Amino acid sequence: MKITEESMKQQASGQDASAGSQPEIHEAPRQTEREKLRAMAPKDRLWYVWAYYKFHILAVIVAAAVIYSACMAFYNTTFDTALYCFYLNSRGAEVNTGPLEEGYAQFMELGKKELVTAETGYVSFDDSATEYSYAVMAKITALVMAHDLDVMIGDTESTDHYASIGGFVDLEETLPSDVLALIQDRLYYAEDDAGASRACAIDLSGTDFAKESLLAQDKPLLALVAGSERTDHSVNLIRYIFGASAVK
């Protein structure tokens, strides 16, 4: 066949016609994530979300935890501690902190944001001291250094130990005369850090407070912690225990 300009034009026009006659191809519309999830079974849906969005989920959880912690920290700043007491070495049943945390709060007519805090622990000061003993002593030291601990109710061993390192005030020098008169015959003397005998604690044996608190030390001794900035509340606690009126 002879190739001419006319034959080439005819061939080209035939190809164009044939191309134009081909059916158009339409892509199926893409599903949105919501549509994909709706079409899945519940089990598959959970797997899909975790597989593709676990890092997003973890990021949201971490962010929520940070926000919650920040909010709680701010909220806690709106509270004030009225009294902080540590019970040491009560070897019987669990100490009942109600007479202190609730009874004293009512006695002083404290507001909801004025806290009375109590903690319990056991310590030993000889070679048998355990890691727990050291942890309790470390916490007490931290509280004292921060001027956050006001009162300690312990046994003779713990009282003698902390008195010997200057941990307690001299009650005969600190207490007002009316309070001193209440407990004069209950004073407990121990040597301080200078080796001098001081009235460092009050024997609570036989008091209603000791009975209701289930104190089981050989001799429950209440001492006022040196460095406390809430001595007025500590003195009122003694008034509360021995039936005197509060001085506000």
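This briefing describes charged pairs, a charged surface patch, cysteines and selected loop residues in one protein structure. The model is predicted. The structure holds 6 salt bridges, and a search of the whole structure finds 0 disulfides. Side chains of opposite charge can pair when their charged atoms come close.

**Salt bridges between distant parts of the chain**

- Glu119 and Lys139 form a salt bridge, with their closest N and O atoms 2.8 Å apart. This pair links distant parts of the chain, since Glu119 belongs to strand β2 and Lys139 to helix α5, 20 residues apart. Lys139 is partly exposed, at 38% relative accessibility.
- Arg198 and Asp170 meet through their side chains in a salt bridge, at 3.3 Å from N to O. The two residues are 28 residues apart and link distant parts of the chain: Arg198 is in strand β5 (residues 197-203), while Asp170 is in the loop between α6 (156-164) and α7 (171-174).
- The partners in this pair are covered to differing degrees: Arg198 counts as partly exposed at 31% relative accessibility, whereas Asp170 counts as buried at 11%.
- Asp178 forms a salt bridge with Arg239, and the closest N and O atoms are 3.4 Å apart. Here, too, distant parts of the chain are linked, with Asp178 in helix α8 (residues 177-183) and Arg239 in helix α10, 61 residues apart.
- Asp178 is partly exposed, with 39% relative accessibility, whereas Arg239 is buried, with 6%. Arg239 counts as buried because its value falls under the 20% limit for that class.

**A network of salt bridges**

- Asp170, Glu173, Asp192 and Arg198 are linked in a network of salt bridges. The pair of Arg198 and Asp170 described above is a salt bridge between two of these residues.

**A negative surface patch**

- Asp126, Asp127, Glu157, Asp160 and Glu191 form a negative surface patch.
- Within this patch, Asp127 is found in the loop between β2 (114-121) and α5 (131-145). Asp127 is exposed, with a relative accessibility of 83%. It is placed in that class because the value is over 50%.

**Cysteines**

- Cys85 is buried, and its relative accessible area is 0%.
- Cys200 is also buried, with a relative accessible area of 3%.
- No disulfide is found in the structure; a disulfide would require a pair of cysteine sulfur atoms within 2.5 Å.

**Loop residues with positive phi**

- Glu109 has a positive phi of about 55°, although it is not a glycine. Glu109 lies in the loop between α4 (98-108) and β2, and it counts as exposed at 64% relative accessibility.
- Leu214, likewise a residue other than glycine, has a positive phi near 60°. Leu214 is placed in the loop between α9 (208-212) and β6. At 41% relative accessibility, Leu214 counts as partly exposed.

**A glycine and a residue distant in sequence**

- Gly227 is located in the loop between β6 (221-224) and α10 (231-241). Gly227 is partly exposed, with a relative accessible area of 40%.
- Gly227 and Asp150 are 77 residues apart in sequence, while the distance between their C-alpha atoms is 8.2 Å.

Technical notes:
Residues are numbered from 1 along each chain as its sequence is written. This is a predicted model: local features need pLDDT of at least 70, side-chain atom pairs count only at pLDDT 80 or more; totals for chains, interfaces and linings use all residues. Side-chain values use heavy atoms; hydrogens and water are left out. Buried means under 20% relative accessible area, exposed over 50%, partly exposed in between (1.4 Å probe, protein chains only). Patches are made of residues with over 30% relative accessible area and no salt bridge: like charges are joined within 9 Å, nonpolar side chains (Val, Leu, Ile, Met, Phe, Trp, Tyr) within 5 Å. Accessible areas come from the Shrake-Rupley method with a 1.4 Å probe; for residues, only the protein chains shown count as cover. A salt bridge is a side-chain nitrogen of Lys or Arg within 4 Å of a carboxyl oxygen of Asp or Glu. Lys and Arg count as positive and Asp and Glu as negative; His and the chain ends are not counted. The place of a charge is taken as NZ of Lys, CZ of Arg, CG of Asp or CD of Glu. Helices (H or I, at least four residues) and strands (E, at least two) are DSSP runs, numbered from the N terminus.
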